[in-house]
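I sat down with this one to see how the sheet is put together and what sits around it. These are my notes, in the order I looked things up.

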Amino acid sequence: GWNETESQGEVFIKLAEDFEKLHPNVNVELQFLGREMKDIIKPIAVLAAICLVVTALLAYINSVTSPIIAAAEQQAAQEARLEVMPGAKDFEPVEIEADGVTEMYRADNGGYVFMLTTKGYGGDIKLSGGILDGKLTKIKTLSHNETSGIGSKVVASNYGDNYSHCPIQSSSTSFFYEFLI
């Protein structure tokens, strides 16, 4: 018989056991649906709970660190602009559409600072440069994935100085030349 305090799983197990007693030659493997189901559901529930806690924790950490990271990125970008445009104190964004140029700023000293992305052998290379009085002030490599010791020489502290005071009239910088005229 079935009483109301028994779960459906317990009733099902009793029915399966009664069936096996009445028909001993029939192989009934219904225990999986009863007692062993608890053994399957419990680890799944524990794993789901762990995933939920970890996800909530990561979301919280992200919400706390995102503003800090954004402020640090803005500070680093400002420092990069100041490095390639000596003598400038303030920069105003300039709307520009050009291949590879991601940002451009007009400096308060009359110069321009540009951020650009170009392809390297190991991936993208992000550069910052300054233009004042028709000449490059400095070029700085912001990030790259080039081979260490070979392509990574572009990040050496004095590499960008090789281009200081170069006129921007060459074909490789013609975009900037046309922009400034």
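**Entry 1: a lysine contact**

I began with Lys 138, whose side chain makes a polar contact with the side chain of Glu 83 at 3.1 Å. By polar contact I mean a pair of N or O atoms within 3.5 Å; within protein, one must be able to donate a hydrogen and the other to accept it, and residues adjacent in sequence count only if both atoms are side-chain atoms.

Note to self on the source: this is a predicted model, where local features need pLDDT of at least 70, side-chain atom pairs count only at pLDDT 80 or more, and totals for chains, interfaces and linings use all residues. Residues are numbered from 1 along each chain as its sequence is written, and side-chain values use heavy atoms, with hydrogens and water left out.

Where is Lys 138 placed? I found Lys 138 in strand β5, residues 135-143. Helices (H or I, at least four residues) and strands (E, at least two) are DSSP runs, numbered from the N terminus.

Is Lys 138 buried or exposed? Lys 138 counts as buried because its relative accessibility is 15%. The cut-offs are under 20% relative accessible area for buried, over 50% for exposed and partly exposed in between, with a 1.4 Å probe and protein chains only.

**Entry 2: the overall layout**

I listed the secondary structure of the protein chain and got three helices and five strands. From the N terminus on, the elements run α-α-β-β-β-β-β-α. The protein chain has 181 residues, and buried ones make up 22% of them.

**Entry 3: the sheet**

I traced the five strands next: they form an open sheet in the order β1-β2-β3-β4-β5, with antiparallel pairing. β1 (91-93) and β5 are the edge strands, each pairing on one side only. On average, neighbouring strands of this sheet are turned by 30 degrees against each other, direction ignored. Axes here are lines fitted to C-alpha atoms (for helices over the stretch in contact), and angles run from 0 to 180 degrees between N-to-C directions.

For pairing, DSSP has to find at least two bridges between two strands. How many bridges join β1 and β2? I get three, in the antiparallel sense. β3 and β4 pair over nine bridges, and β4 and β5 over seven.

Then I picked out some partners. Glu 92 has Arg 106 in β2 as its bridge partner. Thr 117 is bridged to Lys 126 in β4. Leu 127 stands opposite Thr 141 in β5. Back at my starting residue, Lys 138 in β5 is the bridge partner of Gly 130.

**Entry 4: Glu 92**

I stayed with Glu 92 for a moment, which is found in strand β1. Glu 92 counts as partly exposed because its relative accessibility is 47%. Its C-alpha atom is 5.2 Å from that of Tyr 105, although the two residues are 13 apart along the chain.

Tyr 105 turned up again when I checked charges over rings: the charged end of Arg 81 sits over its ring, 4.3 Å from the centre. The rule asks for NZ of Lys or CZ of Arg within 6 Å of the ring centre and within 35 degrees of the ring normal.

**Entry 5: two hairpins**

β3 and β4 form a hairpin with two residues between them. Tyr 121 is found in the loop between these strands, and it counts as exposed because its relative accessibility is 79%. I also checked Tyr 121 against His 144: they are 23 residues apart along the chain, with their C-alpha atoms separated by 9.7 Å.

The hairpin of β4 and β5 also has two residues between the strands, and Asp 133 takes a positive phi near 55 degrees there. I flagged that angle because most residues other than glycine have a negative phi. Asp 133 counts as exposed because its relative accessibility is 71%.

**Entry 6: the cores**

Last, I looked for nonpolar cores, meaning sets of buried Ala, Val, Leu, Ile, Met, Phe, Trp, Tyr and Cys residues joined through side-chain atoms within 4.5 Å. The largest has twelve residues, including Val 94, Met 104, Phe 114, Leu 127 and Ile 168. β2 (101-107), β3 (112-120) and β4 (123-132) are the elements that give two or more residues to this core. Another core lies apart from it, with seven residues, among them Val 84, Ala 88, Ala 107 and Val 113.
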